[in-house]
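Please look through the sequence and the model below before reading on. The report takes up a sheet, then a ligand site, and then some backbone angles.

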Amino acid sequence: MTLWEAGAGQPLDDPSLLRTDGLIGGRWTAGKVRHDISNPATGEPLAKVANLDEGDVEAAISAAASAFPRWRATSARQRSRLLMEWYHLIRRHEDDLARILTAEQGKPLGESLSEVRYGASYVEWFAEEARRLNGEIVPVEDTATRALVLRQPVGVCAAITPWNFPLAMVTRKVAPALAAGCPVVLKPSEQTPLTALALAELTVRAGIPDGVINVVPAARDRAAEIGAALCASPVIRHLSFTGSTDIGRLLMRQSATTVKRLSLELGGNAPFLVFDDADLDSAVEGAIASKFRNAGQTCVCANRFLVQDGIHDAFVSRLTERAASLRCGNGIERDVQIGPLIDERALRRMETVVTDALSHGAMLETGGQRIGQRHFAPTVLSKASHAMRCAQEEIFGPIAPVFRFRTEEDAILAANASEAGLAAYVFTRDMGRLIRVSEALECGMVGANTGRISNAELPFGGVKQSGLGREGSRHGLDDYVELKSITLGGLE
Ligand code: SIN
């Protein structure tokens with residue numbers, strides 16, 4: 001009997017979704033050792049998952065390389081059909097996938113279900129885009145010549161995914177790779193591999209050929225070894241990573257020797273601008289949606305609330321009231337809005353951020369400490385200033401520091417005073433200002449009078465040190481294809 005069956009996780013309608021081995025060349029691979037996956041809401045172990053090593057990574061790369069010729073030769077329509085089948089299976093099993101996700105990641109069940117649907121939407125989108133990998137015919141000077149541009153798969157791809165969105169980050173990387181004709185070696189987060197393995201089980205059921213998707217779960221102590229092996233491999237032609245800027249820089253350095261293509265979705269420090277003329281209700285609801293989704297553990301969530309003088313006090317008081325009313329608890333319980341933080345390290349970081357802010361003159365409006373052992377209370381700090389850690393660093397937790405500003409110019413300067421440039425938010429009823437400020441913000445994505453910006457149809461990614469490339473949207477295939485020109489001469 002597995003730990004899950006013994007009561008560690010909620011019963012599943014289809015218990016065979018709970019896979020604990022890696023998947024290499026279509027074979028479930030146990031490896032030599034296993035590691036515990038725990039529920040962040042209780043600290044209890046959920047499952048013992050294969051802790052694969054560098055040798056297994058090499059096997060996964062070879063399996064992907066062997067699958068490549070057949071997969072790239074599969075018609076675009078057939079790849080599209082297989083992806084669509086995967087999409088339907090994800091939707092059919094969405095309740096089980098949400099249960100697994102909440103158990104290993106902690107977010108409330110309703111949020112997990114939203115993530116499953118959001119993640120599935122990337123599979124659906126790229127199933128459709130697979131059929132639109134059109135090339136070009138380009139008119140050239142010489143009338144006896146024709147010039148073609150082909151879009152061909154880049155080759156074997158690697159994906160390293162984070163724990164904060166264990167499902168959507170997998171589909172956002174794997175679906176475009178498969179659509180373009182590339183096989184994938186996936187290394188899911190050591191903290192949340194069960195969702196990725198359940199997704200892998202569904203790719204098998206969808207009929208996606210052996211070796212096209214390979215999953216290599218491993219514990220934290222092997223993460224560096226596996227990352228390095230993926231970067232060093234000349235077979236891997238593209239690496240996609242979502243995670244911290246520091247690890248992104250390391251992967252970039254390690255990929256230099258093989259001149260790999262990189263898609264990097266790294267840290268953010270999103271400014272959330274509220275102007276005097278904003279609709280207060282919608283600004284506060286946007287703030288709650290952006291800041292407290294996944295207990296603030298998202299790259300795109302508001303990190304710095306920049307609020308104009310005239311609306312500042314009303315905004316702080318309403319935000320405080322709403323934040324204090326959010327219910328924290330185990331994500332499987334009804335009505336819980338804020339789940340646990342992922343681990344003890346994250347909780348300690350929140351304490352440090354609050355202590356630092358208070359020592360620099362911030363005022364605690366609500367929260368500021370742990371609730372029980374695993375939750376951090378939704379926190380609002382006013383009188384925040386740029387010397388504080390919460391201004392300089394990505395908080396990645398449920399802390400909302402509020403800064404005051406006077407003019408539009410001041411707000412733009414403060415908003416752009418960061419090496420990160422992932423997302424930003426602007427609230428104003430003045431349409432001219434909305435456009436002007438949105439254009440001036442140094443970031444890849446703007447929420448204009450909304451706190452929700454994530455859609456499969458839109459390009460997702462950042463500028464400056466927030467990363468390289470765009471995921472999702474009609475541009476999301478670009479990183480997975482090479483352009484090749486063919487010049488056809490002597491056609492007279
Ligand atoms: C992230 O925080 O890394 C992803 C969030 C999203 O896709 O909305």
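## The open sheet

In this predicted model, seven strands come together as an open sheet, and their order across the sheet is β14-β17-β18-β13-β12-β20-β21, with mixed pairing. At the edges are β14, covering residues 363–366, and β21, covering residues 445–448, and each of these two strands pairs on one side only. From one strand to the next, the twist averages 25°.

Strands of a sheet pair through backbone hydrogen bonds, and they may do so in a parallel or an antiparallel sense. One pair to follow in the model is β17 (residues 379–382) with β18 (residues 399–405), which run in the parallel sense and are joined over three bridges. To find a single bridge in this pair, start at L381, whose bridge partner in β18 is P401.

## The ligand and its surroundings

Which residues come nearest to the ligand? There are 13 residues around the ligand, and those that come nearest are Y118, R172, R293, C299 and S454. When the shell is sorted by class, six residues are nonpolar, four are polar and three are charged.

Several contacts involve an oxygen atom of the ligand, and they reach both side chains and backbone. A polar side-chain atom of R172 lies 2.9 Å from a ligand oxygen, while an N or O atom in the side chain of E265 is 3.4 Å from an oxygen atom of the ligand. At C299 the contact is made by the backbone instead, where a polar atom is 2.7 Å from a ligand oxygen. Taken alone, the ligand exposes 260 Å², and the protein buries 100% of that area.

## Two residues with positive phi

Most residues other than glycine have a negative phi, which makes the exceptions worth finding on the model. One of them is K383, which is not a glycine and yet has a positive phi of about 55°. K383 is found in the loop that lies between β17 and α13 (389–392). Another is F396, also a residue other than glycine, with a positive phi near 55°, and F396 is found in the loop between α13 and β18.

Is each of these residues buried or exposed? K383 counts as exposed because its relative accessibility is 54%, and the cut-off for exposed is over 50%. F396, by contrast, counts as buried because its relative accessibility is 13%, and buried means under 20%.

Note on methods. Residues numbered from 1 in each chain as written. Predicted model: local features only at pLDDT ≥ 70, side-chain atom pairs only at ≥ 80, totals over all residues. Heavy atoms only, no water. Pairing = 2+ DSSP bridges. Helix = DSSP H or I, 4+ residues; strand = E, 2+ residues; numbered from the N terminus. Axes fitted to C-alpha atoms, helices over the stretch in contact; angles between N-to-C directions. Near = heavy atom within 4 Å. Polar contact = N/O pair within 3.5 Å; in protein donor to acceptor, adjacent residues only side chain to side chain. Areas by Shrake-Rupley, 256 points an atom, 1.4 Å probe, with all protein chains shown as cover. Nonpolar A, V, L, I, M, F, W, Y, C, P; charged D, E, K, R; others polar. Buried < 20%, exposed > 50% of the residue type's maximum accessible area, 1.4 Å probe, protein only.
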